[in-house]
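Here's a quick briefing for anyone meeting this protein for the first time. Have a look at the sequence and the model, then read on.

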Amino acid sequence: MSHTILVTGATGTVGSELVLALANRGVTVRAGVHSIIKGDRFSHITSGVQLVEMDFHKPETLHVALTGVERVFMITPFTDDQVAISKQFIDIARQTGVRQLVRLSAAGAEAEPGIQLGRWHRDIEKHLEQSGLAYSILRPSSFMQNFVEQYSESIRHESKFYLPLGEAKVAYIDVRDIAAVAATILTADINQYNGQAYTLTGPAALSGQEVAQAIGQARGQAVGYVDVPEVAARQAMAQLPAWMTDALLELHAISKAGYAADTTPTVQELTGHAPHTIEQFAHDYQRHFQPAS
Ligand SMILES: NC(=O)c1ccc[n+]([C@@H]2O[C@H](COP(=O)([O-])OP(=O)(O)OC[C@H]3O[C@@H](n4cnc5c(N)ncnc54)[C@H](OP(=O)(O)O)[C@@H]3O)[C@@H](O)[C@H]2O)c1
C-alpha cells in the first residue's frame with residue numbers, strides 16, 4: 001500500500017499550508033489542484049510533492065487523484081453543491097481503497113439547530129462517519145487569514161476594515177495551526193485519532209479593535225475597525241450569490257452574539273506547541289497590509 005497523502009483544495013488557504021507542512025515532514029504529498037497552473041506555487045519544494053489535477057464536478061478526475069492514495073485531507077470549496085460533491089468524494093475515496101480521511105469542517109458544525117453553514121458541514125461529517133473509513137474531523141474557528149483574503153484591500157487603501165460584529169470577540173485561528181494539527185494526525189498511526197472531532201481555535205478571543213491594533217502595530221501605521229450594520233454588510237456583498245450572502249451574514253450574526261468566542265487547548269494538545277497569536281500572524285503577513293502607494 002502506498003503512503004501517499006492526497007490534499008484536496010491544495011492551492012487554497014489551508015491546503016497550501018498543509019502541503020508545506022507534510023512536505024517538511026518528508027511525506028509523499030499529492031497536491032490535488034483545480035488547475036495545474038496554480039500548482040506552480042509548489043515548484044520551490046524540491047521533492048515529495050506530486051501535482052494532480054482534480055475537479056469535484058468531474059468524478060473521473062477524482063478516481064485518478066485518489067488512486068494509490070492511503071490517506072486524504074479533504075477540503076471542499078464553498079459552493080452551493082458542497083454537500084453533494086463532498087459525499088460523492090467520500091464514496092469514491094472508499095471505492096479506491098483510501099484508509100483514512102481527515103475532513104476540514106467548521107467550528108459549531110455539531111450545534112443544533114445551528115446555522116446553515118454548520119448544517120452543511122454536519123451533513124458531510126455524518127456521511128463520513130458512516131463511510132467505514134477511518135476518519136477525523138477538524139472544526140476550526142474563523143481564520144486569521146481572512147484578514148488577508150477578504151479585508152486586506154480596504155486595510156491597504158483605507159486603513160480600515162468593516163465587519164458587522166459589534167464589540168464581539170472571535171477566537172480566530174491561524175491556518176498554519178490547522179495545517180500542523182492535520183499533519184500530526186495524517187502522519188500518526190491511523191487508529192490514534194480515529195473517530196474524533198476536534199474544535200480548533202487560536203489562543204484568545206479578539207475584538208475587531210484588538211485585531212486592528214495588532215495589524216496596525218505590525219505594519220507601522222494605525223488600522224481601524226468599523227462596526228457596520230447588517231444591512232450595510234449585505235450591500236457590500238451584493239456581488240455574491242444570495243445563498244452565500246445569507247450564510248455569511250448568519251455566521252456574522254452568531255459571532256456578534258458571542259458564540260464564536262470560546263477557545264480550546266486542542267492545537268497545543270495535538271501539536272505540542274501553542275497556536276499563533278494575532279500579533280505573530282500580523283507580523284508574518286504584514287506585507288499584505290502595507291498602505292497602498
Ligand atoms: N474561512 C474561514 O474562516 C473558515 C473557518 C472554518 C472553516 N472553513 C471551511 O474551510 C473550507 C475552505 O477552506 P479554504 O479556505 O482553505 O479554501 P479556499 O482557500 O477557498 O480554497 C478552495 C480550494 O478548492 C479549490 N477548488 C475550487 N473549486 C474546485 C473544484 N470544483 N474542484 C477541485 N478543487 C476546487 C480551489 O482551487 P482554485 O482556486 O484553483 O479554484 C482552492 O484550492 C470550507 O469548507 C469552509 O467552510 C473556513
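What follows goes from the whole chain down to a single serine.

Keep in mind that this is a predicted model. The protein has twelve helices and eleven strands. Its radius of gyration is 19 Å, close to the 19 Å that the globule rule gives for 293 residues, so the protein is as compact as a globular protein of that length.

**Overall size and packing**
- Measure along the principal axes, and the C-alpha atoms fill a box of roughly 55 × 45 × 35 Å.
- Of the 293 residues in the protein, 50% are buried.
- Take the contacts with a separation of 6 or more: 74% of them involve residues 24 or more positions apart.

**Surface and charge**
- About 13,300 Å² of the protein is exposed, and 50% of that comes from carbon and sulfur atoms.
- The protein carries 22 positive and 30 negative charges.
- The mean positions of those two sets of charges are 2 Å apart.

**A closer look at Ser255**
- Where does Ser255 sit? You'll find Ser255 in helix α10, which covers residues 242-256.
- Is Ser255 buried or exposed? Ser255 counts as buried because its relative accessibility is 3%, and the cut-off for buried is under 20%.
- Which residues does Ser255 touch, leaving aside its neighbours within four places in sequence? Ser255 is in contact with Leu165, Ala168, Val170 and Ala260.

How values were computed: Residues numbered from 1 in each chain as written. Predicted model: local features only at pLDDT ≥ 70, side-chain atom pairs only at ≥ 80, totals over all residues. Heavy atoms only, no water. Helix = DSSP H or I, 4+ residues; strand = E, 2+ residues; numbered from the N terminus. Rg over C-alpha atoms; globule rule 2.2 N^0.38 Å. Buried < 20%, exposed > 50% of the residue type's maximum accessible area, 1.4 Å probe, protein only. Contact = heavy atoms within 4.5 Å. Areas by Shrake-Rupley, 256 points an atom, 1.4 Å probe, with all protein chains shown as cover. Lys, Arg positive; Asp, Glu negative; His and termini not counted. Charge placed at Lys NZ, Arg CZ, Asp CG, Glu CD.
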